[in-house]
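Colleague: I would like a close look at a single part of this model, one strand and the sheet around it. Please take me through its setting with some care.

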Amino acid sequence: MTISFTPFDQDWADWIGHRLEQRGHRVVLQRWDPPPGASLEESLRDLLLAPGPVLLLLSDQYLLSGAHTEGEWDAALREVLIPEAERVAVVMVAPSQQSTYGLDISSLYDVSADEAERRLLGRLALSAEPEPRATTGAVDEPPFPVHTLRVWGRIPERNERFTGRVALLNTAYERLQRESRVTLCGLSGVGKTQLAAEYAYRFAYGYHVVWWINAGSRAAFRQGLADLAPALGLSTGTGHGERFRAVREALRRGEPYERWLLILDGADDPDQVRDLVPNGPGHVLITSCNQDWGDHNSALVQVAAYDRAESVDFIRRRAPRLTDDDACQLAEALADLPLVLDQTAGWLDESGMSVAEYLELLARDSVTDDLVVSSDFPMTFRAAWAVLLERLRAGCPDSVLLLRLCTFFAPDAVPLRLLRETPVDGLPPAVAQLLTDPGRWSEAVQQLRTYSVVRIENPAQGSSGDVLAMHRMVHQTVRDDMSEEEKWELADVAWRALVAADPGNPNEAGTWSRYAELVPHLEYTDVLFRDAEAAQQLVFNCLRYLYVSGEYETGIRLAEQTMSVWQQLRDGNADLLWDLGHHYANLLRVVGDYRNSEAVSRAAVEQFRSVGGVGDSRYLRAASGLAADLRALGRFEEALDLSREVHESYRVLRGELHEDTLAAVNNVAVSLRLLGRYGEAAEINQRVFQARERVLGADHFWTLLSEVHWATDLRLMGRYEEAQHRQRANVGKYREALGDNHPYSFQALYNLAQCEYRTGDTVSAGERFATVLARCERLLGKDDPLTLMFAVARCCYAREHGDVDHARRLSEAVVDRYERRLGSAHPYSAGARANHALILRTVGEHRQARALGERALADMTQAVGAAHPWTLGCAVNVVASSPDRAVVAELGRETVARATECLGGDHRLTRVARAALDEDNGRRIYWDFEPQTT
C-alpha cells in the first residue's frame, strides 16, 4: 500500500503506516510534493504507478500544494482518481476549509486513536483481523498525532484571500519541528503577519494551545502573555505581572498543555523582549524586521515580497474585476509588496478606477515629497499610501481622523473602548462628533477595515472590548503626515482618554489589570510632555503600579524615560522631578541598586529638609526611602534612628492609623529585626498587622506582608510552631490575593519553608526552598536581592540534606554576587562566607574552613557588633571547628553569655552555643547565617 502525504502530515503517515504494518500489510510512504508548474493530472497519475492500493492523507496542505486552483483540482480528480475509486482511498487528517470534490472521505483527526484505526480499516475495506502484532519496542511506536485544540486566542481573522507562500509555510513548519523557535524575517509590508496567521489556522490541529501576542513593546508582550493565564485555567491573582509569571512557568513545564504555539508579532527589537520569550516543550513563531533574532536561539526564515504569479493571483482575488494584465501592471508598479497590493487592490475594487488611471496618479504622486516615510520602509509604500490617503480624505474624512487619532496609541492594540469613553468636554468638535455619533464611528471603522488599513481583534467579544491594530508602516506614516498643530491636538485627546481610564489607586491589586492596559500607550500619547497635573499623576500612578505589582524592570525603563523628558522641558518643575525621583529610587532599591537609590534619596532628603523642614511630608517620604537604602547597605543603626524620626513625625502629622504612619512603624520593626532585636520587632509587627487588618482589610497585600514580618520575627525568636501556623495560613491568603508568582508570595513561601525546616519537616522545606529559588530566579534574575536570600537557604539545605557539591557551587556564586553588589565588608557578604566555611568543613577542607570562618567572624563583628545574633552564629561555627581548646573555652563562654543576654537561655542559638563548648567534636555543631529583607 502506498500512502501519499505532505511533509506537514508526516506524523500521520508514520502512525498509519505503523498501524497497518502491525496488521501484516506492507506500506510505502510517498511524500506529495509536486514541483512548481507541474501538471496536476500528471502528478496524480504518478501516484497510480505504484502497485497495490493508494491512500491519500488529505488536508489543506495537500490541496494547496503547487498552488492549483479549485477548478484544476476538480478536473484532475475527475479525470485521474475518481475512475480509480476501487484502488484509491482518501482519509482526512486535518480540519479543512477546502472543497472535498465529492470524494468518499473518512475523517480521522477528530476521534480517538482506536476510532481512527477503525475508520481507517473501514475506508480501506480491510478486516479488523488479525489483531495487531505486539510491538517489540513500544518506545519506538509513533504516537497518535491528534492534539485537541483547547485554547485559541487573539489570532487575527483568517484572510480568505491568502495566496501562495506554500514553500515558506513548509519551511517554517519543518524548522519549528526541529528547533522550536522560528523567526519570519523580512522588510515591513512583505506579509509576515499574514503568513504567521495562516500558519496558525493551517496547523492549529497539531496544538493544544495557539495564542497570538503583539510583541512590539515589552509592556504589550507582558500583557499579551498574562492574558493567557485565565484561558489556561491557572489559579492566579488579578495582577497582570503575576499572571505573566504564572503563564511562563506553566508553558515551561508543559502544564496543563504540552503542545503550545505562541506567535509573537512585530518583535522588531529583540533586546527589549527576548528575555521574556517562554521556554518549554512548545513552539514560538516570531515575526520581525530584525535579523538579530538569529543570534538569540531562533532559526530565521526569510520572507520576501510575492513572486509575480502570487501577486497576480492575489490581486485577482482582492479585486475580481481586474484582468490578469491589469494585475500584472499593478504588481509591477507596487513591487509585489503584499501590504500595498492588499490596500490598493481593495480600494480600486471599491472605487471603480481603472488601473491605468491609478498608475497615472501613482506616477504623479511619486515625485512629490508631501509624505514622509521611514527609510526602512520600501519606497513603493510612500507613493501608494499617498494616493490611498488622499482618497480616504475625500471619501470618508472621519476614517482619516480616526486613523490619525489611533496613531497616538500603541499600534498593536488601540483600545477602542477607551476612546469611546473619553469625556468630550473641551475636545475638538470633529473629534467629539466622531466619538459620540455611533453611525459616524461605525462607518469610519468599516472604511478602514475595507481597505485593509486596520484590523479589529476580538470581534466576537462585542464592540466594547474590541481593539484596533494597524501595521507599523501605516502607524508611523500617518503620524508623520500630520502638522505639529494636528499632532498636539490629537495627542491631547489621547492622553485625556488614558487619564479618564486611570483607576486612581495603584495600591489596590484589583486595579492592576487596568493599569497594565494603560502602560503600553504612555509613550505614544505624548503624556510625558504634558504640563497638566492629571497627566503627571497618571505617570506616577503607573510607576507606583509597576513597583507594587513587581514589574520592576518595566518601571525603571518608564522612570528613566520620564526623567529624560521632564529634565529637558522648558521651565521644568523641580518638585515634579523630586517626586519622580522618589518612584525611581524605590524601583532601583528593589532590584538591588542601593548606591544609586541612596544617592537619589539623600539628595531629596537634603532638598526638602532645606525648603520644608523635617515635618514636611516630602521630606518624610524621602527620609523613609533613605532609611531603606541604609538598611540595604548594612547601616542598621542609622536606619533605625531615621525610621523612628519619620514614624514620630507621621504620627503627629497623620495620626496613629494612617497608612503612612503604619508604613513608617513597619520600617522601624524591619530595622529592629536587622539589629537582632527580634522581640521588639515582633511586638511592633503584631500591632501593625492588626491595625492594617482594620484599616486596609484582611486580604490587602500590605496586611499580608505585615503578617509575614510578624511570623518571621516569631521564628527568629524560636517560636517555631506558632510561626509556622500563622505563616501557613498567610501563604494561602497570598495565593488568593496575588497568586504564586509575585515577589511577596515568594517571601511568604520562603518563610513557611524556614518554619518547616525548624520544626523538622525537612522534606517539605527542601521542596519549597527549591521551588521559591527557581521561581524567583526566573522572574527577577540571579542577582536580585530576594534570589540571593533564597539561594543562601538552598545552599544550607543542600549541604545537610542534598548534594554538597551542588551546595558548594551555588555557595561560591552567592558569595561572589554579594561581594560584587554590596562589597566584602557588608554583613551579608560576611554571612555568606561563614556559610561557605561550613560547606568546606563538610567536605573535609578543615584548614580552609577555619580560616574562612575566622575571617567571617571578624568581618561580621566589624559590621554589626559582637553581640548581634549573626556575629554569635559566626562565633559558634568557629568554636565548633577550632582544635584549640583554649580558644574554644574563651570564645565559647563569651558567645554563650552574649547569646543568653541577647536572646534568652532557651533560644536555639544559645543552646547551640553551649553544645559547641562540649569536647565531643564528633557532633555536627553549626549555625547558618540567614539574610533578611530590608
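What follows is the request in full and one connected reply.

Colleague: Which way do the residues of S7 point, are they buried or exposed, and which strands are joined to S7 by bridges?

Modeller: The model is a predicted one, and that should be kept in mind throughout. As a frame for the strand, the chain has 934 residues, of which 56% count as buried, and its secondary structure comes to 42 helices and 14 strands. The C-alpha trace spans about 105 × 80 × 45 Å along its principal axes. Among contacts between residues at least 6 apart in sequence, 69% join residues at least 24 apart.

Strand S7 covers residues 181-185, and it belongs to an open sheet of six strands, ordered S6-S8-S9-S10-S7-S11, in which the pairing is parallel. The edges of that sheet are strand S6 (151-153) and S11, each of which pairs on one side only. From one strand to the next the twist averages 20°. In general terms, the strands of a sheet pair through backbone hydrogen bonds, either parallel or antiparallel.

On one side, S7 runs parallel to strand S10 (residues 283-288), to which five bridges join it. Within that pairing, Val182 has Leu285 of S10 as its bridge partner, and Cys185 has Ser288. S7 is also joined to S11, again in parallel, by four bridges. Here the bridge partner of Val182 is Ala299, while that of Leu184 is Val301.

As for the side chains, Arg181, Thr183 and Cys185 point one way from S7, whereas Val182 and Leu184 point the other way, and all of them are buried. With five of its five residues buried, S7 is therefore largely enclosed by the rest of the structure. The edge strand S11 (residues 299-302) has another pattern: Ala299 and Val301 point to one face and are buried, but Leu300 and Gln302 point to the other face and are not. Part of the surroundings of these strands is helix H6 (residues 166-179), which lies across S7, S10 and S11 and runs at about 180° to S11.

Cys185 deserves a separate word, since its side chain might raise the question of a disulfide. A search of the whole structure finds zero disulfides. For Cys185, the closest cysteine sulfur is that of Cys289, at 7.3 Å, which is too far for a bond because a disulfide needs the two sulfur atoms within 2.5 Å. Cys185 counts as buried, at 0% relative accessibility. Cys396 is likewise in no disulfide, and the nearest cysteine sulfur to it, that of Cys406, is 13 Å away. Cys396 is buried too, with a relative accessible area of 8%.

Some other parts of the chain can be set beside this strand. An open sheet of five strands has the order S2-S1-S3-S4-S5, with parallel pairing. Its edges are strand S2 (28-31) and strand S5 (105-107), each with a single partner strand, so one side of each is left without a neighbour in the sheet. Neighbouring strands of this five-stranded sheet are turned by 25° against each other on average, direction ignored. Strand S1 (residues 2-5) pairs with S2 in the parallel sense over four bridges, and Phe5 stands opposite Arg31 in S2. Helix H5 (residues 113-123) packs on this sheet, where it touches strand S3 (54-58), strand S4 (88-92) and S5, and its direction makes about 155° with that of S4.

Among the helices, H17 (residues 397-406) and H19 (residues 429-436) pack at an angle of about 95°, with their axes 11 Å apart, and the two are therefore roughly perpendicular to each other. In this contact Asp398, Leu401, Leu402 and Leu405 of H17 meet Ala430, Val431 and Leu434 of H19; by class, the contact has six nonpolar, no polar and one charged residues. Further along the chain, the buried residues of helix H42 (residues 908-916) are Arg908, Leu909, Thr910, Val912, Ala913 and Ala916, and what covers them includes helix H33 (720-738), helix H34 (743-758), helix H40 (869-881) and helix H41 (885-903).

Notes: Residues are numbered from 1 along each chain as its sequence is written. This is a predicted model: local features need pLDDT of at least 70, side-chain atom pairs count only at pLDDT 80 or more; totals for chains, interfaces and linings use all residues. Side-chain values use heavy atoms; hydrogens and water are left out. Buried means under 20% relative accessible area, exposed over 50%, partly exposed in between (1.4 Å probe, protein chains only). Contact means heavy atoms within 4.5 Å. Two strands pair if DSSP finds at least two bridges between them. Axes are lines fitted to C-alpha atoms, for helices over the stretch in contact, and angles run from 0 to 180 degrees between N-to-C directions. Angles under 35 degrees count as roughly parallel, over 145 as roughly antiparallel, 65 to 115 as roughly perpendicular and the rest as oblique. Ala, Val, Leu, Ile, Met, Phe, Trp, Tyr, Cys and Pro count as nonpolar, Asp, Glu, Lys and Arg as charged, and the others, Gly among them, as polar.
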